[in-house]
Amino acid sequence: MEKRLTKLRLVAIFAMLTLVLAGCGEPYLSALQPAGEVADMQYSLMVLSTLIMVIVIAVVTVIFIYVVLKFRQRKGEENKIPEQVEGSHKLEIIWTVIPILLLLVLAVPVVSATFELADVKPMEKKDRKPEDAVVINVRANLYWWEFEYPDAGVITSQDLVVPSDERVYFNLIASDVKHSFWIPSAGGKMDTNTENINKFWLNFDSKRAEKAGEYFYGKCAELCGPSHALMDFKVKTKSREEFDQWIEEMKNAKAVADSDLAKQGEKLFQEKSCIGCHAVTPADKRPEEARTAPNLANFGERTRVAGILPHNEENIRNWLKDPEQYKPGNKMTKTYPELNDEELDALTEYLSGLKVETK
């Protein structure tokens with residue numbers, strides 16, 4: 001008896017913990033706060049399917065309670081054998097037809113949404129113009145993201161910039177292992193494979209983007225290694241006019257070291273062979289195989305260092321000093337000699353000055 005009570009207590013504790021932990025998390029990483037056309041469509045399907053399940057459970061529960069009460073054994077009838085009924089064609093038809101109807105109610109909008117979300121014809125038109133459809137090539141790497149704007153010939157990393165209130169089309173691929181591209185507030189995830197390109201589109205609502213704050217947050221949704229949970233990126237929305245201006249600024253951007261300390265950092269950046277992996281201008285003409293590290297052209301404007309740390313001088317220094325401490329298994333660790341304090345100061349100053357946008 002004591003063992004049984006212990007088991008029941010454990011079950012109760014785990015049930016309570018499950019309920020409490022279900023409420024944990026950040027609102028900007030919630031698929032239940034849709035912020036675009038795709039997210040709205042998928043959220044509606046979730047609501048519909050949940051509603052159908054709740055109705056089914058409610059009906060079954062009512063029938064179960066009714067049957068238990070009506071046909072329970074009564075006092076004085078312990079030896080009475082109920083009438084044996086083999087089956088009812090009417091009941092069998094009812095409980096066969098109803099599930100079929102419920103499946104149809106769910107299947108029709110799901111199939112319709114599937115075809116709608118898979119429609120990437122605008123990005124595949126042979127005579128497509130840049131203003132007709134925004135196309136972005138996404139390349140996933142251990143453990144960072146690259147975003148290429150092929151129509152403009154510019155590349156950035158970690159921070160994805162998109163125009164709001166219009167469809168943005170994506171080509172998804174991975175350079176090493178399978179990853180998964182996911183912006184919870186904007187829409188469902190899609191795998192990035194090494195052997196083929198996946199395509200889909202998203203839409204970001206400007207009004208709801210304002211409520212979300214400066215950025216939407218993106219994640220890798222496929223277990224890819226020890227730092228999988230740290231493979232984040234940010235999504236910044238702009239009006240079409242602001243986006244076009246940003247593209248022009250990216251096209252014309254050049255890395256300039258203003259101060260003496262920044263110039264020392266620029267020299268170190270070249271001497272330590274950092275430039276062999278990291279580009280510092282958005283117009284990076286190297287093939288994908290040569291782009292083995294994030295583009296740093298607008299590093300000074302980012303809100304995060306390595307996608308996870310608050311962007312400040314201390315965290316830049318810490319990352320340069322020991323990247324393995326913050327992202328285990330990253331490909332930057334031990335690719336350069338240990339840096340002293342003066343070198344860390346100089347490189348931090350140089351990297352902080354890598355900016356594109358004019359304020």
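Start with helix 6, residues 240-251, in this predicted model. Helix 6 lies across strand 4 and strand 10, and its direction makes an angle of about 130 degrees with strand 4.

Those two strands take us into a sheet. Five strands make up this open sheet, in the order 4-10-9-6-7, and the pairing is mixed. At its edges sit strand 4 (159-163) and strand 7 (187-192), each of which pairs on one side only. Going from one strand to the next, the twist averages 25 degrees. As for how such partners hold on to each other, strands of a sheet pair through backbone hydrogen bonds, in either a parallel or an antiparallel sense. Here, strand 9 (residues 216-220) and strand 10 (residues 233-238) go for the antiparallel option, with three bridges between them. If you want a spot to look at, find Tyr217, which stands opposite Lys234 in strand 10.

Now move over to strand 5, residues 167-174. This strand is mostly covered, with seven of its eight residues buried. Strand 5 pairs with strand 1 (residues 134-141) in the parallel sense over seven bridges, and there Ile136 stands opposite Phe170 of strand 5. Strand 5 also pairs with strand 8 (residues 198-203), this time antiparallel and through six bridges. Asn171 has Lys199 in strand 8 as its bridge partner.

A few backbone oddities are worth a stop. Most residues other than glycine have a negative phi, and most peptide bonds are trans. Against that background, check the peptide bond from Leu142 to Tyr143: it is cis, with omega near -10 degrees. Tyr143 belongs to the loop between strand 1 and strand 2 (144-149).

Next comes Gln158, whose phi is near 70 degrees, a positive value in a residue that isn't glycine. You'll find Gln158 in the loop between strand 3 (154-157) and strand 4. Is Gln158 buried or exposed? With a relative accessible area of 7%, Gln158 counts as buried, because the cut-off is under 20%.

Ala306 has a positive phi too, about 60 degrees, and is not a glycine either. Ala306 sits in the loop between strand 11 (304-305) and strand 12 (309-310). At 15% relative accessibility, Ala306 is also buried.

Finally, go to the surface. Leu51, Ile55, Val59, Ile63, Tyr66, Val67 and Phe71 form a nonpolar patch there, with about 700 Å² of accessible area together. One of them, Ile63, is in helix 2, which covers residues 37-70.

Methods
Residues numbered from 1 in each chain as written. Predicted model: local features only at pLDDT ≥ 70, side-chain atom pairs only at ≥ 80, totals over all residues. Heavy atoms only, no water. Pairing = 2+ DSSP bridges. Helix = DSSP H or I, 4+ residues; strand = E, 2+ residues; numbered from the N terminus. Axes fitted to C-alpha atoms, helices over the stretch in contact; angles between N-to-C directions. Contact = heavy atoms within 4.5 Å. Patch = residues over 30% accessible without salt bridge, like charges linked within 9 Å, V, L, I, M, F, W, Y side chains within 5 Å. Areas by Shrake-Rupley, 256 points an atom, 1.4 Å probe, with all protein chains shown as cover. Salt bridge = Lys/Arg side-chain N within 4 Å of Asp/Glu carboxyl O. Buried < 20%, exposed > 50% of the residue type's maximum accessible area, 1.4 Å probe, protein only.
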